[in-house]
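The following exercises are to be worked with the sequence and the model at hand. Each task is followed by a solution in steps.

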Amino acid sequence: MRVLVVEDERHLADAIARGLRRQGMAVDVAYDGKDGHFQAMTTRYDVCVLDRDLPGMSGDDLCADLIASGALTRVLMLTASGSVADRIEGLELGADDYLGKPFDFDELVARIRALGRRATPAAPPVLRAGDVTLDPARLHADRGGRPLELTRKEFGLLSVLIKAGGAVVSSEELLERVWDANADPFTTTVRVTMMTLRKKLGEPALIETVVGAGYRISA
């Protein structure tokens, strides 16, 4: 899952990003509304964690533009403006969820995961492909009852492929969905991570390479 955190309190933004990365998410951070707007409009995110009171461009305007663009990104407003009236206003702007500050981090993670499951098509809480099972909430994976010791990136690759439902996913899309903005698009990162993932999955082979197109898990 790829997440954008738009928050002008740098210590809070960085703390949220660190915590979400420990949960296996790819996270980008913007410290003002204009930068957040640029990132949200140029990169496909599953969830945007958005403060309402931002310099440069308000979170309300960013949310409205994101909704108007037709993007599938889910918006979670995270703000100190936590009255009932504020929550109603935020939801009416098009936000999918609203969490007031201060907040419990475990609740934030649960809400982000819930929004991430509301993709198109909707993804179930536990992912399955053949005898492989992935539980994103617990970062647990097994094959035929055998636990798989996957890194966060290996887990992310497998998750994206299972969610694709048999469709081919290109290396470029895998890089965008599993890594953050600091990833070098010209490296062999995806290929190397895919190689180690396949070794851990064992036989029979689960992931198919479609020459010149990408990878898929056959239905």
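**Exercise 1. Locate P204 and P102 and describe the peptide bond that precedes each.**

Solution. Begin with P204, which sits in the loop between α8 (189-201) and β10 (207-210). In this predicted model, the bond joining E203 and P204 is cis, with omega at about -5 degrees. Turn next to P102, in the loop that runs between β5 (97-100) and α5. The peptide bond from K101 to P102 is also cis, and its omega is near -5 degrees. These bonds deserve a note, because most peptide bonds are trans.

**Exercise 2. State the sign of phi at L139 and place the residue in the fold.**

Solution. Phi of L139 is near 50 degrees, hence positive, in a residue other than glycine. For context, most residues other than glycine have a negative phi. The position of L139 is the loop between β7 (132-135) and β8 (140-143).

**Exercise 3. Describe the surroundings of S170.**

Solution. First, place the residue: S170 belongs to the loop between α6 and α7 (171-178). Second, examine its side chain, a polar atom of which lies 3.1 Å from the backbone nitrogen of E173. Third, set aside the neighbours within four places in sequence; S170 is then in contact with A213 and G214.

**Exercise 4. Characterise the second largest pocket by volume, lining and chemical character.**

Solution. Start with the volume, which is about 250 Å³ for the second largest pocket. Its lining consists of 20 residues, and those nearest the centre are M1, R113, P136, S159 and K163. The elements giving two or more residues to this lining are α5 (105-116) and α6 (152-163). Of these, α6 supplies the largest share, five residues. Finally, sort the lining by character: 10 residues are nonpolar, five are polar and five are charged.

**Exercise 5. Assess the overall form of the protein chain.**

Solution. Count the secondary structure first: the protein chain has eight helices and 11 strands. The radius of gyration is 18 Å, close to the 17 Å that the globule rule gives for 219 residues, so the chain is as compact as a globular protein of that length. Along its principal axes, the C-alpha trace spans about 55 × 35 × 30 Å.

**Exercise 6. Where in the protein chain is confidence lowest, and where is it highest?**

Solution. Take the whole chain first: its pLDDT averages 88, and 94% of the residues score at least 70. Then compare the elements. Confidence is lowest in helix α4 (residues 84-92), with a mean of 75, and highest in strand β3 (residues 47-50), at 96. As a rule of reading, predicted coordinates should not be read in detail where pLDDT is low.

Technical notes:
Residues are numbered from 1 along each chain as its sequence is written. This is a predicted model: local features need pLDDT of at least 70, side-chain atom pairs count only at pLDDT 80 or more; totals for chains, interfaces and linings use all residues. Side-chain values use heavy atoms; hydrogens and water are left out. pLDDT is the predictor's confidence in each residue, from 0 to 100. Helices (H or I, at least four residues) and strands (E, at least two) are DSSP runs, numbered from the N terminus. On a 1 Å grid over the protein atoms alone, a cavity is a set of points where a 1.4 Å probe fits but cannot get out, and a pocket is an open set with protein on both sides within 12 Å along at least five of seven lines; lining residues have an atom within 4 Å of a point. Grid points are joined across faces, edges and corners, and a volume is the space filled by probe spheres set on the points. Ala, Val, Leu, Ile, Met, Phe, Trp, Tyr, Cys and Pro count as nonpolar, Asp, Glu, Lys and Arg as charged, and the others, Gly among them, as polar. A polar contact is a pair of N or O atoms within 3.5 Å; within protein, one must be able to donate a hydrogen and the other to accept it, and residues adjacent in sequence count only if both atoms are side-chain atoms. Contact means heavy atoms within 4.5 Å. The radius of gyration is taken over C-alpha atoms; the globule rule is 2.2 Å times the number of residues to the power 0.38.
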